[in-house]
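Visitor: I would like to test some labels against their definitions. Please show me the model.

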Amino acid sequence: MKFLPLVLKNLLRKKTRSGLTIGSILLPFFVICLLGTFVAMLDADPSMGKGMFRIAVRHKVSFANVMPASHLEKIRQLPGVKAAMPFNWFGGRYVDFSAFHVFQRFAVDPAVFFDIFDASAIVQGSAEEWRADRRGLLVGEILMKKYGWTLGQKVTLKGDIWPGVYTFTIRAVYRGQSEASVFFDQKVIDEALPARAGLYTMIWLKGVDAAAAHDLIPRINALFENSTWPVRAETEKEFQNNYVALLGNVKLFFRSLTAVIAAVVLLIAANTMAMSARERVTEIAVLRAIGFSRRLLFGLLLSESALLAVFGATLGLAAFVALFPRLRAFVLYSPVAGLAAGLRLYPDVLAGAFLVTILVGVLAGLVPAIRSVQRPIATGLRLVA
Amino acid sequence: MLGIPLKYNIRNLFVRKVTTSLTVLGIGLVVAVFLCVMALGEGLTRVFTASGSDSNVLVLRQNSQSELQSGISRDQVPLILTLPGIAPDADGKPLASAELVVVLNLEKLGGGSSNVTIRGIGEKGMKLRPGLTLVEGRWFAPGKSEVVVSKSVSKRFKDCTTGQTIHFGAYRWTVVGLFDAGGTAPDSEIWTDVEGMVTDFKRGGYSSVLARTSGRAARDQFVAGLAGDARLALEGKVERKYYDDQTSTAAPIKFLGFFVGIVMAIGACFGAMNTMYAAVSARTREIATLRALGFSRLAVLASFVFESLCLALLGGIVGCFLGLLAVKLALSGVTGTTNFATFSEVVFAFRLTPQLLGTGIVFSLVMGFFGGLFPAARAAFTKITSALRQVG
């Protein structure tokens with residue numbers, strides 16, 4: 001510890017160099033945090049642990065195929081089901097197909113909606129008002145802010161899978177998971193398209209408890225195995241994972257990127273340390289001559305590069321935490337807003353990035369430090385820079 | 001104005017081997033990362049830009065973003081086929097194909113699952129897409145639940161090679177052949193005959209109609225005819241435009257490439273700056289001597305910027321080489337992601353084009369320029385007398 005001032009003095013000797021090195025550690029550290037947070041977001045449970053009892057049922061072929069309403073009735077009658085409802089992907093467009101106007105639209109059953117999504121809280125309007133108005137719309141809070149909507153405002157959606165122009169009135173606003181969605185009554189579609197009434201792309205249900213939900217999945221799959229419309233039932237978490245899997249091997253891609261970035265930092269830091277060691281050959285020989293042990297000098301040199309890494313990582317961490325609200329807003333307002341429910345500052349991701357950076361700093365200083373302390377004193381003193 | 005010989009800088013780079021190679025490698029890795037991410041985006045973009053023909057028109061239900069959301073009933077098809085503008089085939093019938101598109105959730109070979117488009121095509125469907133070739137087996141026979149699979153899909157999904165059967169509850173299809181569409185959209189699809197598929201899936205109609213038009217005027221006439229018929233509530237899109245509109249799928253990857261590339265480049269730029277500052281301070285007396293010999297400040301500035309550019313160029317070349325190596329060796333297979341417009345997998349390969357390599361070099365030179373500018377300025381403003389007096 002008493003040598004800390006010496007280490008700091010050495011770092012301050014070349015202020016530009018130390019500053020630049022810290023900068024070249026800080027920026028990649030920021031990117032590593034960003035990539036790590038994104039991977040953690042993909043892994044996160046969208047319902048924050050509350051989705052264990054929820055089950056999504058879709059046609060076995062894919063969720064672009066429909067199932068008949070009779071499936072819903074049969075599922076409702078199974079023991080252990082608390083509530084079940086259609087969860088129909090509406091598709092369509094709001095204003096146009098631009099990324100800014102992308103959000104999810106679902107046709108559901110308002111009577112049981114809050115029995116299934118019981119963690120969602122109404123923040124404006126009320127569930128009763130939404131149920132009372134056949135053409136009422138339940139809107140996620142984030143969408144209200146994004147489009148500047150107000151309670152009672154009319155919202156028009158143009159259908160493609162379910163053709164037609166549908167105008168709804170905003171009756172309630174919720175806060176909770178997947179806030180980038182709107183929900184309305186399935187009966188609206190059934191009335192507008194009588195020929196296709198009672199056809200659902202998804203059915204969602206909730207078990208009375210975790211054990212019931214666990215038993216329900218194989219039972220539902222078996223129930224419709226030989227029907228004309230075979231299904232696949234899975235927990236909300238699995239459903240989300242499959243959705244993420246559609247993106248391709250994003251996690252592997254991001255992890256490889258992180259590894260290469262760490263290697264770049266290593267190169268840059270190692271280069272800096274090598275340069276400063278080279279300039280101090282004579283000085284180190286003098287220190288050895290006046291009695292500094294090899295081990296002590298080795299420790300001092302190594303702590304210099306470790307300290308640079310600590311500074312870089314700390315500043316990077318501060319920048320990341322400071323910019324995080326902006327990042328969150330950026331994701332929430334993008335078409336992948338649905339994923340952003342899990343976007344948080346993950347302490348383990350940040351701690352991991354921090355440790356990797358310190359490790360890189362120590363590794364970078366290793367070779368130059370070993371070479372410096374092993375050079376014989378006489379050679380070092382004789383050397384003319 | 002007299003310039004300092006370029007040889008002076010190049011030799012200096014070789015004198016400091018370790019520092020030079022570490023800096024070069026640092027810049028090289030940044031360029032390589034940038035190139036790999038951009039090659040991913042480029043490969044995905046190419047699927048869409050190379051797909052579709054300018055003379056084909058895709059008929060969809062109004063307001064549909066893709067074929068998956070669209071639906072055309074059986075009785076609408078004859079009405080579409082009588083609209084003026086469609087080119088006749090050799091047999092006198094209109095050159096058009098009513099098609100059905102369904103996505104199948106298939107298991108991948110490496111674990112997990114993804115949605116793959118299965119497309120039922122009419123008898124003229126093949127003639128509308130001349131770029132397709134059969135690479136193994138034979139084409140499907142209508143009405144027998146036979147399919148042909150793209151070579152790329154067969155490499156990524158289970159049960160998709162010739163002779164195997166794709167099972168789905170009551171459905172089963174025998175794979176009788178593999179085709180290659182040269183990296184265009186059909187390379188992500190499985191094909192069968194449309195009538196068999198309509199029966200299998202108990203559909204009352206089709207997803208879309210693809211029609212060949214003879215020339216631009218005929219094409220516009222056909223599209224206008226569709227728009228003008230209010231009973232149909234359909235719209236026609238030029239096939240090439242339909243695919244071009246889906247290139248936005250690659251936008252997030254390209255954004256990521258630029259973002260990571262630029263942040264890392266600034267980091268590497270700092271590294272290059274460190275190297276150049278060290279080079280300048282080690283040669284203070286030399287620089288003062290050059291100035292004393294009569295070389296102008298500008299000549300010294302230009303000389304050091306040039307040295308930094310050389311350093312970066314070496315890095316750029318190393319980066320391009322590493323990028324090529326990575327794309328050719330480690331990333332040479334096909335990969336896939338989901339196109340959220342069609343909710344199905346797009347299979348594509350990394351694509352490192354000469355333009356991208358050029359961008360990588362320019363990228364490295366920009367790093368070199370900014371990395372060298374400030375150290376070069378310090379060199380140019382060296383005080384001659386005090387620098388010459390300096391010892392060691």
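Guide: Start with a definition. A nonpolar core is a set of buried Ala, Val, Leu, Ile, Met, Phe, Trp, Tyr and Cys residues joined through C-beta atoms within 7 Å. This model is predicted. Its largest nonpolar core has 210 residues.

Visitor: Which residues have the most contacts inside this core?

Guide: They are A:Ile203, A:Ala269, B:Val30, B:Leu35, B:Val59 and B:Ala268. Helix α2(B) gives the most to this core, with 19 residues.

Visitor: What is B:Leu35 in contact with, leaving aside its neighbours within four places in sequence?

Guide: B:Gly319, B:Cys320, B:Gly323, B:Leu352, B:Leu356 and B:Gly360. The test for contact is C-beta atoms within 7 Å.

Visitor: Why are α2(A) and α12(A) called oblique to each other?

Guide: Helix α2 (residues 15-43) and helix α12 (residues 294-332) of chain A pack at an angle of about 50°. Roughly parallel needs under 35 degrees, and roughly perpendicular runs from 65 to 115. The angle fits neither class, so the two helices are oblique. Their axes are 7 Å apart, and α2(A) passes α12(A) in a right-handed crossing.

Visitor: Which residues meet there, and of what class are they?

Guide: On α2(A), they include A:Ile22, A:Phe29 and A:Cys33. On α12(A), A:Leu308, A:Phe311 and A:Ala319 are among them. By class, this contact has 13 nonpolar, 4 polar and no charged residues.

Visitor: What makes A:Val95 exposed?

Guide: A:Val95 has 12 other C-beta atoms within 10 Å. Exposed means 12 or fewer, so A:Val95 qualifies. The residue is found in the loop between β4 (88-89) and β5 (104-108) of chain A. Its phi is near 65°, a positive value in a residue other than glycine.

Visitor: Does B:Asn63 count as buried or exposed, and how do you know?

Guide: B:Asn63 has 20 C-beta neighbours inside 10 Å. Buried needs 20 or more, so B:Asn63 counts as buried. Its place is in the loop between β1 (56-61) and β2 (72-73) of chain B. B:Asn63 also has a positive phi, about 75°, although it is not a glycine.

Visitor: How many residues of chain B are in contact with chain A, and which element gives the most to that side?

Guide: 46 residues of chain B are in contact with 44 residues of chain A. On the side of chain B, α8(B) gives the most, with 13 residues. By class, that side has 22 nonpolar, 23 polar and 1 charged residues.

How values were computed
Residues numbered from 1 in each chain as written. Chains lettered and ligands numbered in written order. Predicted model: local features only at pLDDT ≥ 70, side-chain atom pairs only at ≥ 80, totals over all residues. Axes fitted to C-alpha atoms, helices over the stretch in contact; angles between N-to-C directions. Helix = DSSP H or I, 4+ residues; strand = E, 2+ residues; numbered from the N terminus. Left-handed = near helix turned anticlockwise from the far one by under 90°. Contact = placed C-beta atoms within 7 Å. Nonpolar A, V, L, I, M, F, W, Y, C, P; charged D, E, K, R; others polar.
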